[in-house]
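Biologist: I would like a close look at one part of this protein, the largest pocket, and at the parts of the fold that line it. Please take the pocket first and then go through the elements around it.

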Amino acid sequence: MHLLLSGIVGSVAYGLAGPGSDVDRIGVFAAPTVAFHGLRPPRESVVTTDPDVTLHEAGKYARLALSGNPTATELIWLPDDCYETRTELGDRLIAIRSAFLSAPRVRDAYLGYASQQFRKLTTRDATVGGRRRCAKHARHLARLLHQGRTLYATGVLEIRLADPQWFRAFGERVAGGALTEAEALVAEAERDFDRLRTPLPDRPDEATVERWLRAVRAAHLPTAGADASR
């Protein structure tokens with residue numbers, strides 16, 4: 001495994017972390033190119049929970065980011081101080097981050113993930129986890145809608161929130177019973193996506209992403225004279 005890019009994501013990156021918040025990390029790695037030609041292809045993801053780290057192989061990462069997956073997407077839009085590993089290929093990935101974006105996928109992904117958070121607020125899962133868990137779902141709901149609308153409207157993903165206290169207060173209000181406020185926020189976001197003019201294209205620039213992935217594969221071929229069977 002060759003780590004290309006990794007960083008701290010989640011509540012720490014957003015500015016929403018509290019005393020008990022976990023530190024979540026995500027990264028992209030490259031498997032040896034010859035490994036894809038064996039009987040057992042390399043693992044596409046490596047996930048640990050102590051600490052909380054998710055690493056995706058370059059090909060899987062590219063597919064996730066092209067689909068608009070918010071968690072994958074945020075890795076290439078992090079503030080500089082959130083990165084822990086940066087390589088030349090990682091920097092090249094950051095440089096082409098806009099190539100992954102498309103209007104329909106951004107809209108569907110961010111509204112879709114926000115709707116998942118809303119459903120968690122309306123099911124038994126929210127009550128089982130208590131007020132703290134409910135507030136967390138509400139914060140993530142509001143954060144996803146805000147980030148999605150901003151990305152859709154400007155083509156830029158805002159990771160570090162300008163007013164994190166608003167999101168904390170919103171979470172506490174919803175946890176205290178203001179579920180209609182969360183429902184109204186989702187409806188407002190849906191209307192905004194319908195009316196906003198977006199600079200994003202209808203389709204991502206897959207050719208640019210493909211060139212990056214091929215560069216990753218070329219960089220991880222065996223060197224001259226190396227034993228490719230290893």
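Modeller: What follows describes the pocket, then the sheet, then a pair of helices. The model is predicted, and the values below are computed from it.

The largest pocket holds about 1200 Å³ of space. Its lining counts 41 residues, and those closest to the centre are Gly10, Ser11, Asp24, Lys136 and His140. Sorted by class, the lining has 15 polar, 13 nonpolar and 13 charged residues.

Several elements give two or more residues to this lining: the helices α1 (11–14), α3 (70–75), α5 and α6 (124–154), and the strands β2 (24–30), β3 (45–49) and β4 (52–57). The most comes from α6, with 10 residues.

The three strands named there belong to an open sheet of 5 strands, whose order is β3-β4-β2-β1-β5 and whose pairing is mixed. Its edges are β3 and β5 (83–86), each of which pairs on one side only. From one strand to the next the twist averages 15°.

Within this sheet, β3 and β4 make a hairpin, with 2 residues between the strands. Their pairing is antiparallel and runs over 5 bridges. One of the partnerships is that of Thr49 with Asp52 in β4. On the pairing of β4 with β2, the two strands run parallel and are joined by 6 bridges. Here Ile26 stands opposite Thr54 in β4.

A helix that packs on the sheet is α4 (residues 88–95), which touches β1 (2–9), β2 and β5. The direction of α4 makes about 55° with that of β1.

That leaves α5, which gives residues to the pocket lining and also packs with another helix. Helix α5 spans residues 103–121 and helix α8 spans residues 179–195; their axes lie 11 Å apart, at an angle of about 170°. Angles over 145 degrees count as roughly antiparallel, and α5 and α8 are therefore roughly antiparallel to each other. From α5, the contact uses Arg107, Leu111, Phe118 and Leu121. From α8, it uses Leu179, Ala182, Glu183, Ala189, Glu190, Phe193 and Asp194. By class, the residues of this contact are 7 nonpolar and 4 charged, with no polar ones.

To return to the pocket, its lining includes polar residues, 15 of them, whereas the contact of α5 with α8 has none.

Conventions
Residues numbered from 1 in each chain as written. Predicted model: local features only at pLDDT ≥ 70, side-chain atom pairs only at ≥ 80, totals over all residues. Heavy atoms only, no water. Axes fitted to C-alpha atoms, helices over the stretch in contact; angles between N-to-C directions. Helix = DSSP H or I, 4+ residues; strand = E, 2+ residues; numbered from the N terminus. Parallel < 35°, antiparallel > 145°, perpendicular 65-115°, else oblique. Contact = heavy atoms within 4.5 Å. Nonpolar A, V, L, I, M, F, W, Y, C, P; charged D, E, K, R; others polar. 1 Å grid on protein atoms, 1.4 Å probe; cavity = no way out; pocket = protein on both sides within 12 Å on 5 of 7 lines; lining within 4 Å. Points joined across faces, edges and corners; volume = space filled by probe spheres on them. Pairing = 2+ DSSP bridges.
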